[in-house]
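Student: Please take a close look at a single part of this model, starting from one residue. Then connect that part to the rest of the chain in one continuous account.

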Amino acid sequence: MLSLGISSPVNAYLTHNQNRSNEISVGKNETTITEDFPDITPIPYTDNPTIQKVVRVYSSNDPDNVDCYVRVRVLESNSAYGNAMEYCDLDTANWTYNAYDDFYYYHHILSPGEETTPLFTAIKVLGAEVDPEEAEKLQHVWIDVYEESIQAGEYTSYQDAWNAMSVSE
């Protein structure tokens, strides 16, 4: 017995489309260095002068500003003086120095309108440590303070926030 089946091809296409839009807003992160640094009369380095220089970072009170972490780098214009400077009242309870990248890291989240504790309050020049030959070439020494900030976001520590930044660079 022979049976024949005839089938007709049936084509079915199953499709699905979905569209989703996400609005992303960028946080505003605005910080500035604040300093108490008087106009001073030049003082010979041999007198071991102590010069007031109170360094802090302020987070803008703008309502759009976000919580952030900050770090600071201090640079001297000449190694003849840089190796002979001591930061007075260096706040090691709230700041940590990282020799690898030469930054001081503030441990706490800085909210809008807040200011860090002072990194230090003065600079003392240790006259005996200054190379006299180098010092004679200089009339002025610059001490530059540079700061960076990063949105705190979901990070619970300054280390996590800055480590995530360095991984993404």
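Tutor: Cys88 counts as buried, at 15% relative accessibility; buried means under 20% relative accessible area, exposed over 50%, and partly exposed in between, with a 1.4 Å probe and protein chains only as cover. The model is predicted, so local features need pLDDT of at least 70 and side-chain atom pairs count only at pLDDT 80 or more, while totals for chains, interfaces and linings use all residues. Residues are numbered from 1 along each chain as its sequence is written, and side-chain values use heavy atoms, with hydrogens and water left out.

Cys68 is likewise buried, with a relative accessibility of 0%. The structure nevertheless holds zero disulfides, a disulfide being a pair of cysteine sulfur atoms within 2.5 Å.

Next comes the sheet that contains β5. β5 covers residues 85-88; strands here are DSSP runs of E with at least two residues, helices are runs of H or I with at least four, and both are numbered from the N terminus. β5 belongs to an open sheet of three strands in the order β2-β8-β5, paired antiparallel. In this sheet β2 and β5 are the edge strands, each with a single partner, so one side of each has no neighbour in the sheet. On average, neighbouring strands of this sheet are turned by 25° against each other, direction ignored. That angle is taken between axes fitted as lines to C-alpha atoms (for helices, over the stretch in contact), on a scale from 0 to 180 degrees between N-to-C directions. Strands count as paired if DSSP finds at least two bridges between them. β2 meets β8 (residues 122-125) through three antiparallel bridges, and Gln52 stands opposite Ala122 in β8.

Just past β5 in the order of elements, the loop between β5 and β6 holds Asp89. Asp89 is not a glycine, yet its phi is positive, at about 55°. Asp89 is exposed, at 59% relative accessibility.

That loop leads to the other sheet, an open one of four strands with the order β6-β7-β4-β9 and antiparallel pairing. Its edges are β6 (95-98) and β9 (143-151), each of which pairs on one side only. From one strand to the next, the twist averages 25°. β6 and β7 are joined by four antiparallel bridges, and Trp95 has Tyr106 in β7 as its bridge partner. The hairpin of these two strands has four residues between them, and in it Asp102 takes a positive phi near 65°. Asp102 is thus another residue other than glycine with positive phi, and it is partly exposed, at 27% relative accessible area. On the other pairing of β7, two bridges join it to antiparallel β4, where Val72 stands opposite Tyr104.

Val72 leads into the packing. The largest nonpolar core has 16 residues, of which Val70, Val72, Val74, Trp95, Leu119 and Phe120 touch the most other members. Such a core is a set of buried Ala, Val, Leu, Ile, Met, Phe, Trp, Tyr and Cys residues joined through side-chain atoms within 4.5 Å. At least two residues of this core come from each of β3 (54-59), β4 (68-76), β5 and β7 (103-106). β4 gives the most, with four residues. Setting aside neighbours within four places in sequence, Val72 has contacts that include Val57, Trp95, Asp102, Tyr104, Leu119 and Val145, where contact means heavy atoms within 4.5 Å. A second, separate core has eight residues, among them Tyr105, Ile150, Ala161 and Trp162.

Away from these cores, Pro42 sits in the loop between β1 (31-36) and β2 (50-52) and is exposed, with a relative accessible area of 73%. Its C-alpha atom is 8.6 Å from that of His140, although 98 residues separate the two along the chain.

For the chain as a whole, there are three helices and nine strands, in the sequence pattern β-β-β-β-α-β-β-β-β-α-β-α. Of its 169 residues, 31% count as buried. Among contacts with a separation of 6 or more, 78% link residues 24 or more positions apart. The chain exposes about 11900 Å², 48% of it supplied by carbon and sulfur atoms; these areas come from the Shrake-Rupley method with a 1.4 Å probe.
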